[in-house]
Each structure stands twice: as C-alpha cells, then as structure tokens.
Amino acid sequence: MTQQYSRFMRWTSRVVILSMLALALPQQSAFAVMVDTEQVISHELAGQDRVKIMAFLDREDVLAQLQQHGVTAGDAKARVNALSDDEVHKIAGKLDQLPAGGTDVIGVLLFVFIVLLITDILGFTKVFPFTRSVNK
Amino acid sequence: MLIRNARFLAGVFLVCLSACANPPQTRLVLDSPPATLPRHAELTEVPYFSQEAFQCGPATLAMSLNASGFAVTTEALKHELYLPDLHGSLQVEMFAAARRHGAIAYQLAPDLNDVLYEIAAGTPVIVLQNLAFSWKPVWHYAVAIGYDIDSGEIILRSGSEQRKILSMRTFEYTWARSDYWVMVSMPPGQIPKTADETSYVAAISAAEKTIDTVSALTAYDAAAKRWPGNLTAQIGIGNAAYKLHDLGQAERAYRQAAHDHPDSVAAFNNLAQTLSDQGRYEEALDAARHAVSLGGSLSTTAQETLSEIERKKNRNSNALQIPVQE
C-alpha cells in the first residue's frame, strides 16, 4: 500500500515538475528585449527626410532667401543636423506640401526658425545666441 | 468696337489654349513616353464589382484584393471601411483594411508614369479622384486597369461602369485634386515595380502586426533580395524567424545586418538576445556590450538586454553548481 502510494507520489511529482518547467519556458522569451522593425524604419525614414531638407536648402531661391536673412547654407544645415528625428519629420512634411515653384518658402523657413527657437529654449539645441535655456 | 471684339476673341483664344493644353504629367507621358513602357496595356482579368451608392471604397479595394488572390467581398469590406456620415471611406482605412486581409498596402509615388508602369507589370492600381471642384469635392475611388498612349486614354473600373474610358488629360485633372493619391495592395513577396526602397519596407513594417509571421518573413525576404543590404528588411527577417522559433535563421539575419551596418544598435541587440536564448552567453555578452557602446536612441533597450543576459548567465552558472553540492 505504502509502496503503491509512494510510486503514485513519485509519478505525480514528476508530472508536476515537468509542467512547472513547461510553464517557465515561454516566460524566457517574454524577457526578450527585441528592437522591432518599426523602430528601425522610423530612423531610416528620418534619414530620408534629412536628405530632403538638405536638398531643399541647396535650392537657389532658398539660398537667396537665407542670405537675405543673413544665414549661410552651412549654418542652416548645422541646424538641421541638430534636430531630432521627430522634428525633421515635421519639417519634411511641410516641404511636401510646398508647390514646386516654392511660393511659400518664407513660411517654411519661418517654421524651421520657430522649431529651432523652441528647441533652443528647451535646451535641446543651442543655435541662437540670444536664447537662454529653461534648464539653466 | 473692332478693337473690343479683337480683345474678346483673343481672350477666348487664350482661355481655349490653356484649357486645351494637357496637364503636365499627361503632356510628359504622351509627348515623350519612356522607351521601356509598353504603348498599350489592359488587365482584362481584374474582376469587376459594381458598387452601391457611395461604396466606391469597399468595391475598389475588393477588386484590387481579389486580383491579388485574396477572396474578399465588397460587403465584408463595407463594415471595415465605410463611414455612413461621410458617405465614403478614408484613405488611411483603405491601407488598414488591405492589411487586415493579408496584403501589403503601398502608396505609389504621385506620378502618372508609375501608374502606367504598374498596370503594364500586371498590377491594378486604386486611384482617388475628385470628380468636381476643389471647393465642392466629389471624391471617388476607381481602379485603373489599362491605358493607351496612342489614343491618350486610361481605362478604369469605376462605379457602375466596368470599363470606363477617360482621356488621360481629364483623368489627371480629377486625380490631381486628390494630390495624386494612388495605392496598390499586393500579396507579401510581390513588390510593386516602381516601389521605393525605404517606403516599401515601411509598408511591410506597417503590415507586420496584422499579417501572419510567415507572410511577414516572405515579404521581408523578397525586399532583402530586391534591395540587398536594407537594414529594416534584414532585421525584419530576423524578427520574423525569431517569432517562429527559428533561432538559426534569426541569427544569420542579424549577423548579416551587423556586418552590413556595424553601427546598428538593433542588429547587435537582437543578435545578443538570440545568442542568449541559445545559451551562448559569452558571444551574447560581446554583442550586447557592442550594442550598448553604440549609444543613440535605442541605448536603453540595449542596456536592458545586456543586464538581462548577465542575470541569465549568473542564474545558469548557479544552477549548474547545484548538482555539485548534492
């Protein structure tokens, strides 16, 4: 009787151990910290946007307007490089809405200016000498 | 009097000139068609579903999906697409619904040439037209299935007409008012002829949550073949294989990605995780440490992976010591 009982216990404990192990297995992959493709592609898209903005800054009419405002193309590009992926995406979206002739170039430049002004004030960038970061 | 008449006539003449001239894209295609573009094509095998009132969204998507081998009815799509208050369907939902049925939905470049190239390659394309004016729009989806450069015409499955023939010029005017919106829905693994690398891979990534993992793997595989070295496609293959528990294939994909893109945190982080899952902790730690050293916006993830692997490695070496104590 006791022998039978202990054999029963032995088998039961084996089944319990195995099922506990099986429970633990899928949890291992739940710990996985994988980077998904969405994160990868958003960075790549931002790269494309940056190229688009740089090409825009190389346009002759834009260069002329920049010069009028006393900004060199190099300065402007340095500002674009200081922008985050998100900000770059916003500006590139604005560029897409422009007519090819570029009648609203001033508006876009103002937008770039304002974005940079805000990021300057928040202390993310330091483009304009006259802004003081809120963190300081 | 004579002068006034002459002015009037000149005015009429000018109005006529500007009205009769072709819009820019049509002019480009008709005056100098690309040498590689067939002069005529028509996809007669694309099914036709006639639409009920305002149901052009569901009907056109159903035609496109069925042509791609997905059996879906207009009726089924109506519940996913149609907004009764708007009497229509939103463009974003056209993409989302196509994905829900397993297709990769892709927005083509706003270029008439690309539309014709896709048709010539056998892919029907969904276009959005505004049939009236910008200030009083009448929005309408149609499926472009054919064209003829010699007669300057485009053939559509449109509303109640199975084979509507429009002059390319009129088509461009109505299409331009939607900012040349145009999409295709294709089975995973088939890439539109005119697809742009980054935009297309982004389209697969967007579909990844709704299509099954095997289809995602097929789609990324095709993308990696068409654009060798594309980072997202390589990571996509790895992630899909990992989800399917094929750690060997996942490892190969991440190694390739890390080789082609030595500054990619994603490649090294995911490689580290895959190696760790195989119990190869030393190699995993090397990859994880490299991922952390790269910094950037994914550095928190890389740090987490590194700590997790260190913890697992310690736990494992402790576990190995237990039998010794017995």
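The legends below describe close-up views of a predicted model. Residues are numbered from 1 along each chain as its sequence is written, and chains are lettered from A in the order in which they are written. Local features need pLDDT of at least 70, side-chain atom pairs count only at pLDDT 80 or more, and totals for chains, interfaces and linings use all residues, while side-chain values use heavy atoms, with hydrogens and water left out.

**View 1. The interface of chain B and chain A.** About 1900 Å² is buried between chain B and chain A, 59% of it on carbon and sulfur atoms; buried area is the accessible area (1.4 Å probe) that two parts lose on being put together, summed over both. Thr198(B), Thr232(B) and Leu298(B) lose the most area to chain A within chain B, together 24% of what that side buries. Chain B brings 27 residues to the contact and chain A brings 16 residues, where contact means heavy atoms within 4.5 Å.

**View 2. Polar and charged pairs between chain B and chain A.** One salt bridge is counted between the two chains; the term stands for a side-chain nitrogen of Lys or Arg within 4 Å of a carboxyl oxygen of Asp or Glu. Lys209(B) and Glu38(A) form a salt bridge, with their closest N and O atoms 2.6 Å apart. The interface also has 12 residue pairs in polar contact, both residues at pLDDT 80 or more. A polar contact is a pair of N or O atoms within 3.5 Å; within protein, one must be able to donate a hydrogen and the other to accept it, and residues adjacent in sequence count only if both atoms are side-chain atoms.

**View 3. Helices H2 and H6 of chain B.** Helices (H or I, at least four residues) and strands (E, at least two) are DSSP runs, numbered from the N terminus. The axes of H2(B) (residues 24-31) and H6(B) (residues 112-120) come within 9 Å and cross at roughly 55°. H2(B) and H6(B) are therefore oblique to each other, since angles under 35 degrees count as roughly parallel, over 145 as roughly antiparallel, 65 to 115 as roughly perpendicular and the rest as oblique. Axes are lines fitted to C-alpha atoms, for helices over the stretch in contact, and angles run from 0 to 180 degrees between N-to-C directions. Gln25(B), Thr26(B) and Val29(B) of H2(B) meet Leu112(B), Asn113(B) and Leu116(B) of H6(B).

**View 4. A salt bridge in helix H9 of chain B.** Lys225(B) and Asp221(B) meet through their side chains in a salt bridge (3.6 Å, N to O). Lys225(B) and Asp221(B) are separated by about one helical turn because they lie four residues apart in H9(B) (residues 213-226).

**View 5. Two loop residues with positive phi.** Tyr180(B) has a phi near 55° and is found in the loop between helix H7 (168-176) and strand S7 (182-186) of chain B. His245(B) has a phi near 65° and is found in the loop between H10 and helix H11 (247-260) of chain B.
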